[in-house]
Amino acid sequence: RGGATLTAARLLRFRRHDAHRLSRRKALPVIAGAAVLKAVRLRAYPVPAPARLPFAAGAAASFGSTLAAGRLLRRGERTLVPFAVYRMALGTAILLRLRSARSTTMSG
């Protein structure tokens, strides 16, 4: 969502600072709503004891990577190309993995 907002704002000729501000302001209600929804679901269906540590580690890693990415993007006039390449590579890897899993399931 953030990358799409930044890209659209920059294409609409927003200055980089203004595009980042728009992206952060747009993201806050979405993130807060997702956190509340997750809390409600976790209350209804708690994480099993063996999975609590990996779940907490994943949440902490997600939070940390979000903070790190935000800091990197706020430092001056940096290009978003590395982030775009990373996301495209990740998406391609996921699609290939899904395709492989589907062909294995269909043939078995």
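The protein chain in this predicted model has a mean pLDDT of 84, and 91% of its residues reach 70 or more. Confidence varies a bit from element to element: helix α1, residues 2-11, has the lowest mean pLDDT at 83, while helix α2, residues 16-44, has the highest at 87. Why keep an eye on such scores? Where pLDDT is low, the predicted coordinates should not be read in detail.

**How α1 meets α2**

Let's start with the pair of helices at the beginning of the chain. Two packed helices are described by the angle between their axes and the distance between the axes. Here, the axes of α1 and α2 come within 9 Å and cross at roughly 145 degrees. The crossing in which α1 passes α2 is right-handed.

Which residues do the touching? On the α1 side they are G2, T5, L6, A9 and R10, and they meet R16, A19, H20, L22, S23 and K26 of α2. If you sort the residues of this contact by class, you get 4 nonpolar, 4 polar and 3 charged ones.

**The two sides of α1**

Now look at α1 by itself. Which residues are buried in α1? They are T5, L6 and A9. Looking down the axis of α1, you'd find its buried residues within an arc of 100 degrees, so they line one face of the helix. Turn to the other side of α1, and A4 and L11 are exposed. T5, L6 and A9 also turn up among the residues of α1 that meet α2.

**An odd residue in the loop**

Follow the chain just past α1 and you reach R13, which is found in the loop between α1 and α2. R13 is worth a pause. Most residues other than glycine have a negative phi. R13 is not a glycine, yet its phi is positive, at about 70 degrees. Is R13 buried or exposed? It counts as exposed, because its relative accessibility is 76%, and the cut-off for exposed is over 50%.

**Further along the chain**

Next comes Y45, in the loop between α2 and α3 (52-74). Y45 has a relative accessible area of 67%, so it is exposed.

Helix α4, which covers residues 81-107, holds R87. V81 has its place in α4, and P82 lies in this helix as well. How open are these three? R87 counts as exposed at 55% relative accessibility, and V81 is exposed with a relative accessible area of 51%. P82 has 49% relative accessibility, so it counts as partly exposed; being exposed takes over 50%.

**Apart in sequence, apart in space**

Separation along the chain and separation in space are two separate things to look up. Here are some pairs, with C-alpha to C-alpha distances.

| Pair | Apart in sequence | Apart in space |
|---|---|---|
| R87 and G3 | 84 residues | 9.7 Å |
| V81 and R13 | 68 residues | 17 Å |
| P82 and R25 | 57 residues | 23 Å |
| Y45 and A84 | 39 residues | 35 Å |

Take the top row: R87 of α4 and G3 are 84 residues apart in sequence, with 9.7 Å between their C-alpha atoms. In the bottom row, Y45 and A84 are 39 residues apart in sequence and 35 Å apart in space. R13, the loop residue with the positive phi, shows up here too, 17 Å from V81, C-alpha to C-alpha.

Key: Residues are numbered from 1 along each chain as its sequence is written. This is a predicted model: local features need pLDDT of at least 70, side-chain atom pairs count only at pLDDT 80 or more; totals for chains, interfaces and linings use all residues. Side-chain values use heavy atoms; hydrogens and water are left out. pLDDT is the predictor's confidence in each residue, from 0 to 100. Helices (H or I, at least four residues) and strands (E, at least two) are DSSP runs, numbered from the N terminus. Buried means under 20% relative accessible area, exposed over 50%, partly exposed in between (1.4 Å probe, protein chains only). Axes are lines fitted to C-alpha atoms, for helices over the stretch in contact, and angles run from 0 to 180 degrees between N-to-C directions. A crossing is left-handed if the near helix is turned anticlockwise from the far one by less than a right angle, and right-handed if clockwise. Contact means heavy atoms within 4.5 Å. Ala, Val, Leu, Ile, Met, Phe, Trp, Tyr, Cys and Pro count as nonpolar, Asp, Glu, Lys and Arg as charged, and the others, Gly among them, as polar. The arc is that of the directions from the helix axis to the C-beta atoms.
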